[in-house]
Amino acid sequence: MLPRFRLGSRTLRREGRGSLSMEHSSLPAVELVVRTIAETAVANETYFCQLDSVVGDGDFGYSLARGFEKVLECFDGLDRSSPGAFLKKVGLAITSRVGGTSGPIWGTAFLRAGSAVGAKAALSGADVVAMLRAAVEGIQTRGGASLGDKTLLDALVPAIDRLEADLAAGGAEALANAAQVAERAAAETSGMLAKRGRASYTGERSIGSPDPGAVAIGVIASRVSAAWCEYCSAKGAMDRHEKIRQ
Ligand SMILES: Nc1ncnc2c1ncn2[C@@H]1O[C@H](COP(=O)(O)OP(=O)(O)O)[C@@H](O)[C@H]1O
Ligand SMILES: [Mg+2]
């Protein structure tokens with residue numbers, strides 16, 4: 001029989017090795033991921049600004065932190081009728097606070113991810129991949145960037161590819177592996193020439209330092225992976241405790 005995890009009044013079912021799907025609602029898991037992304041963005045404001053100061057205009061960390069600060073401010077009041085509705089409100093919160101490049105890009109990513117799953121309550125690994133692919137499409141529609149233009153897409157897309165491959169193989173370490181891929185890919189953007197955003201104004205000088213957006217994706221993916229691990233072990237421990245009491 002598949003081992004089960006309890007999450008408040010909801011039950012999580014472990015499918016194969018590592019991938020989790022909720023029988024009733026994936027909302028708590030989506031909330032955990034969004035909160036982790038937001039707290040990571042706020043905590044790394046200075047670091048992300050420093051990265052953007054090398055060849056950009058130094059505002060990336062500020063923009064991201066203000067957007068996600070807004071998400072945290074209105075977090076408890078966001079629509080929780082479904083994970084998709086929740087994600088759409090997260091996107092709107094970001095665009096309502098931040099303009100420039102990052103507001104529309106990150107806002108669109110959450111809006112598209114939310115739209116991709118409609119009103120579905122329980123999300124599978126395949127749904128998560130579809131949400132991430134929809135976010136990438138939204139970012140590309142909005143900003144016109146292609147892979148290799150030295151943007152956050154150069155870390156995000158390889159990480160999604162790895163996540164999809166590992167989930168298909170039932171890999172327990174899917175999220176951790178995807179985070180590692182994102183961090184490595186972010187470091188590799190150092191060798192690229194920036195073709196989008198303010199950094200592109202510096203031409204050849206953009207070669208030699210990593211893209212701030214790509215680094216942010218690596219940092220965020222690694223925090224989300226760690227938070228997910230803690231969440232799963234806490235649920236496992238709670239489940240074992242309940243079993244002993246029964
Ligand atoms: N057109 C674009 N499409 C996708 N990502 C982009 C684009 N332009 C910039 N980025 C990402 O945004 C990051 C910079 O964000 P930010 O500083 O807010 O924008 P700007 O470059 O306009 O100052 C870059 O490191 C890059 O990853
Ligand atoms: Mg900037």
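**Helices H6 and H7, then H1 and H4**

Author: In this predicted model, Gly125, Val129, Leu132, Arg133, Val136 and Ile139 of H6 meet Leu153, Leu156, Val157, Ile160, Leu163, Glu164 and Leu167 of H7.

Reader: What classes of residue make up that contact of H6 with H7?

Author: The contact has 10 nonpolar, one polar and two charged residues.

Reader: And at what angle do the axes of H6 and H7 cross?

Author: At roughly 160 degrees, and the axes come within 10 Å. H6 covers residues 125-143 and H7 covers residues 153-168.

Reader: Are they roughly parallel or roughly antiparallel, then?

Author: Roughly antiparallel, because angles over 145 degrees count as that.

Reader: Is the crossing left-handed or right-handed?

Author: H6 passes H7 in a left-handed crossing.

Reader: Switching to H4. Which of its residues are buried?

Author: Pro83, Gly84, Phe86, Leu87, Lys88, Lys89, Val90, Gly91, Ala93 and Ile94.

Reader: What do those buried residues pack against?

Author: They pack against H1, helix H3 (60-74) and helix H5 (102-116).

Reader: How far apart are the end C-alpha atoms of H4?

Author: They are 22 Å apart. H4 has 15 residues, 83-97, so at 1.5 Å a residue it should span 21 Å, and the two values agree.

Reader: What about H1, how many Å should that one span?

Author: H1 has 17 residues, 27-43, so it should span 24 Å at 1.5 Å a residue. Its end C-alpha atoms are 24 Å apart, which agrees.

Reader: Which residues are buried in H1?

Author: Leu27, Ala29, Val30, Val33, Val34, Ile37, Ala38, Thr40 and Ala41 are buried there.

Note on methods: Residues are numbered from 1 along each chain as its sequence is written. Chains are lettered from A and ligands numbered from 1 in the order in which they are written. This is a predicted model: local features need pLDDT of at least 70, side-chain atom pairs count only at pLDDT 80 or more; totals for chains, interfaces and linings use all residues. Helices (H or I, at least four residues) and strands (E, at least two) are DSSP runs, numbered from the N terminus. The expected span of a helix is 1.5 Å times one less than its number of residues. A residue is buried if 20 or more other C-beta atoms lie within 10 Å of its own, exposed if 12 or fewer, and partly exposed in between; C-beta atoms are placed from the backbone. Two residues are in contact if their C-beta atoms, placed from the backbone, lie within 7 Å. Axes are lines fitted to C-alpha atoms, for helices over the stretch in contact, and angles run from 0 to 180 degrees between N-to-C directions. Angles under 35 degrees count as roughly parallel, over 145 as roughly antiparallel, 65 to 115 as roughly perpendicular and the rest as oblique. A crossing is left-handed if the near helix is turned anticlockwise from the far one by less than a right angle, and right-handed if clockwise. Ala, Val, Leu, Ile, Met, Phe, Trp, Tyr, Cys and Pro count as nonpolar, Asp, Glu, Lys and Arg as charged, and the others, Gly among them, as polar.
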